[in-house]
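Hi there,

I hope your week is going well. Here is the structure I promised to pass on, and my notes come right after it.

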Amino acid sequence: MVFFMSKAGDTRLMILQKAFDLVYKHGFQATSIDDIIATTQVTKGAFFYHFKNKEEMGLAMINELMYPGMIKVLVEPLLAAQDPAKEVYLMMHNVLLKQPMFNVKYGCPAVNLIEEMAPLNQQFNQALGKLFNEWQNAISQVIKQGKISGTIKDSVDEKQVAYFVMAGYSGIRNMGKMLGTACYKTYLAELKKYLNQL
C-alpha cells in the first residue's frame, strides 16, 4: 500500500527542510522566520499555520528531520554489530567521510545546535539529548556485547568508551570547519588504534 502526504504535509516538510539548510549554515538564532519564508516562498500565514513560532519549528526540525536521519547513521549500524571495534570505527568513518547531508565546512548540525541552543532552551536541550543518549547507549551496548563475547577486555568501561568516542566526534567536527577533511582522517587513524586496544 502506498501512502501519499497531503499538500499541507508536503508544505510543512518543505518548510522544515529549507529551515534546516538555513540553520545548518547560519545558526538557529541568526535564521529568522522571514529568511525561512523567503527561501520557501510560502506566505507568513502558511508558516504560522504549521508552527506557532520559530522555536516550535526548530523542535520539529530536530525531532522529524535530524533525529531520524542521525539515528540511521549513528545508531542503526551498531545494532547488529559482531565486531565492536570494527563496527564503531566504520560507523564513525562513514559519518565523517561518507555522509552527503553533512558538510565539513559547517560541522555537525546536532553539535552546532547543542553549542548554540542547549544552554538557552530546555526543550532544545531535551530533544538533542534524546539523540545523543540513544547514540551513547548504542555504543555502550556494542562494547558490552564485545565484553560478553570476549573481543573486548572485561576491564573496559563501556560508558567511558561511549563518552570518549562521542566527545572525539564533536571535537573533530568542529576542527573540520577550519582544517577540512584531512583532520578527520588523522582522528580516524587514532580512533582505530584506541578501539583496537580495548
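Below is what I found on salt bridges and on one surface patch. Please keep in mind that this is a predicted model.

Let me start with the charged pairs. Searching the whole structure gives four salt bridges, and three of them are described here, beginning with R12 and E64. Their closest N and O atoms are 2.4 Å apart. R12 sits in helix α1 (residues 7-26) and E64 in helix α4 (residues 54-74), so this pair ties together parts that are 52 residues apart in sequence. R12 is partly exposed, at 24% relative accessible area, and E64 is partly exposed too, at 38%.

Another salt bridge joins D34 and K44, with an N to O distance of 3.1 Å. Here the link runs from helix α2 (residues 33-40), which holds D34, to helix α3 (residues 44-50), which holds K44, so parts 10 residues apart in sequence are tied together. D34 has a relative accessible area of 46%, while K44 has 43%.

K193 and E190 also pair up, with 3.2 Å between the closest N and O atoms. Both belong to helix α9 (residues 181-196), where being three residues apart separates them by about one helical turn. K193 is partly exposed at 49%, as is E190 at 45%.

Now for the nonpolar side: M175, M178 and L179 make a surface patch of about 340 Å². Of these, M175 is found in helix α8 (residues 158-179) and counts as partly exposed, at 38% relative accessibility.

Happy to chat whenever suits you.

Best wishes

Conventions
Residues are numbered from 1 along each chain as its sequence is written. This is a predicted model: local features need pLDDT of at least 70, side-chain atom pairs count only at pLDDT 80 or more; totals for chains, interfaces and linings use all residues. Side-chain values use heavy atoms; hydrogens and water are left out. Patches are made of residues with over 30% relative accessible area and no salt bridge: like charges are joined within 9 Å, nonpolar side chains (Val, Leu, Ile, Met, Phe, Trp, Tyr) within 5 Å. Accessible areas come from the Shrake-Rupley method with a 1.4 Å probe; for residues, only the protein chains shown count as cover. A salt bridge is a side-chain nitrogen of Lys or Arg within 4 Å of a carboxyl oxygen of Asp or Glu. Helices (H or I, at least four residues) and strands (E, at least two) are DSSP runs, numbered from the N terminus. Buried means under 20% relative accessible area, exposed over 50%, partly exposed in between (1.4 Å probe, protein chains only).
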